[in-house]
Amino acid sequence: MRRHATLLFAALSMVAPSVLQAAFPELAARAVFDMAGTYDYFVGAAQAPAGIYLLGSQTLTLVSGGKSAWTAQLSGSWGYATALAVDGSGNAYVSFSDLGAKTAQLMKYDAGGNLSGSVSLPYSGPGYWPDGYGVAVDAGNIYAAESVYDQSAGRYKTVTFRYSPELELAGEQEYFPVDQQTCSGAAIPSGGVHISASGEVLVGGYSCKDDYTYRYFMLKYTPGLGQLEGEYLKDAAFDESPQLKAGGDPTGGMVFIGNEIVGDGAAGFSIRRVNGSGVWSEPVFITAFDNWSWPKAVAVDKAGAAYIAGNMKDTWAPAVTKLNADGSSAWNPLILQKPDEGSLETVYVDDDLNMRIAGYHTWNTDSGFDEFYLESWSQGGEEDAAPPAAVTSLSVTAVSRDTITLAWTAPGDDGNTGTAASYDLGYSAAGQITTDAEFAAAVRAQDVSVPQAAGSAETFIVKGLSPATTYFFALKTADEAGNISGLSNCVSAETCVEVAGVPNWKQYDDGMNTWWDDDYDHTTQKIGALGCLLTAAAQVVKKQGYNTDPGELNKTLKNTPGGFDGKSVYLPAMVDAITASGVAVQYKKTTGTAAQLNSLLDAGLKNDNPVVLELYSTSRVGRTHFVVVTKKCGDAIYINDPGNNNTRVATLKDYFNLIANGNPKEIVSIRMIAKGTI
């Protein structure tokens, strides 16, 4: 199994316009992926609602806003992917040749990278040698092409299949080329499957003639793969190992690139076209490319211009060139970065004429390709230049010990319209994030969800945070063209601080405790009536390592001189008795303003010490109550209340009002029993 791709550079790098030639495209964005340890290679790319799918021989990756949103490992015992198509919902259909099982497969992955269906194409198994070569999608149909070598017949055939989106077989068409007796009828649909503007199904490839020479073929089927509408053939002077790629043409035809033999006997790099009427053009040789360069990829834009990937003649540097629909040169070959360390494998052009290219960097003989890259080039005029709107609604909705949950409203692809490609969420414990410099220095949240349509409610949980720490958050949004929004509003929250291991004992009889009716002091008072401080103190000292409970602690205090002061526990005497038993603790009682006491509460919890609050009702004289605080999240406190059946979660103010039954209480003092200095 191959290791998943991970993003090396999360943010897209913006670079200066090219100065090579005015007509050249400009590099708009670039992302590099770490692929060390994987013998994977790029097969193709396709636009998806949430970004761009990159198909490798063994992996399918969604790149959204320059980031790897996910990578799916393709199934198959021993084989490689050959083609990719995407429907309007973001489902990816992958053609895969499983050589180990002798099957050609069609796989379906949903927008989250999950395998949602897989089917073996017919004519698979031991009696055949099938190879998947293409896949295309139209409204309600999935088309896949297969090259089949029938061992019993000793010949090849091309078969095109129609499937439903659920991968149920709905039709097929076989093609046997003419003049097949001597050459075993080789029919290889390496040009793939394409859908014309009028819905016709186009299949392109090459076949072998009876004199062992080769020719191109384009098959045109009626919409829905109903019947063969045209078989268009063109002789070609391929060398012994034809290499052929093809792209759909706006005229209803196809564009082929191949390594044809030129007049001097050397293999050259050529491009041919066939229009919707079956008229073939003469080959145009791309002399700047190496004579023995195998064609890597071709893409055709909506104007019919062809983008061809190859290697330069003198340096073998990877490059891409553009030819207009009439065969004239739009610009000279564009030489890519790091030409001595890698290769260009994929070319893709969207409806806005943004060109995407992908390939390798840095081959390691032990581990495979160390880096894959994806670059976006804009050609001006029609490219997407509008960034998403800046988010202004970022907010905190929940906090825990090590997580903070954020929410915001999704912006669009262009301002507040459409669907953006990715979010870039940064956070910092150092302070506010209100400038681009502060945002660049922030830590990046991983695996942020893909944006929904503009106006949708978004939520994300930032995990792995430190407790009792204030974090600041801000985000930016990117579209599929690499345009990045302005900085969002900045929000902050403090993670919770929690003391673990504190028992939640009650002073009353809850069916489990046995001390409800124990005499509380030297009088006839009972723990259940006046034992809130005793029970709270028992919880704290149990946490600090003194093995007791309220009933046992009550006995200890009765046997300790000064253990009771009237009808109240005298804590200093209790601390002395506990320390004498070998558990060294200290005691501190503090009074002061609400702010001072709240600060001491925070300090105690952060030092792993539960805190006892003394609450006093101003309207009910003499009504004092003691509770234990074990956790605090912002203004919310988690309280073990000896006089109540549940752990309470509330703000201090709300809690005081709640427990007093309409007679508000306030903090009179804080008592801490802790190890170490307090």
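Mentor: A polar contact is a pair of N or O atoms within 3.5 Å; within protein, one must be able to donate a hydrogen and the other to accept it, and residues adjacent in sequence count only if both atoms are side-chain atoms. Heads up: this is a predicted model, where local features need pLDDT of at least 70, side-chain atom pairs count only at pLDDT 80 or more, and totals for chains, interfaces and linings use all residues. Residues are numbered from 1 along each chain, and side-chain values use heavy atoms, without hydrogens and water.

Trainee: Which residue caps the N-terminal end of α4?

Mentor: Look at the backbone nitrogen of Gly-551. A side-chain oxygen lies 3.0 Å from that nitrogen, and the residue that owns the oxygen is Asp-549.

Trainee: At what angle do α3 and α4 pack?

Mentor: Helix α3 spans residues 532–543 and α4 spans 550–558 (helices are DSSP runs of H or I, at least four residues, numbered from the N terminus; strands are E, at least two). Their axes, lines fitted to C-alpha atoms over the stretch in contact, are 9 Å apart. Between N-to-C directions, on a scale from 0 to 180 degrees, the angle is about 105 degrees.

Trainee: Which α4 residues meet α3?

Mentor: Contact here means heavy atoms within 4.5 Å. From α3 come Leu-534, Thr-535, Ala-537 and Ala-538. Across from them in α4 are Pro-550, Leu-553, Asn-554 and Leu-557.

Trainee: Within what arc do the buried residues of α4 fall?

Mentor: Pro-550, Gly-551, Leu-553, Asn-554 and Leu-557 are buried (under 20% relative accessible area, 1.4 Å probe, protein chains only; exposed is over 50%, partly exposed in between). They line one face of the helix, because seen down its axis they fall within an arc (of directions from the axis to the C-beta atoms) of 165 degrees.
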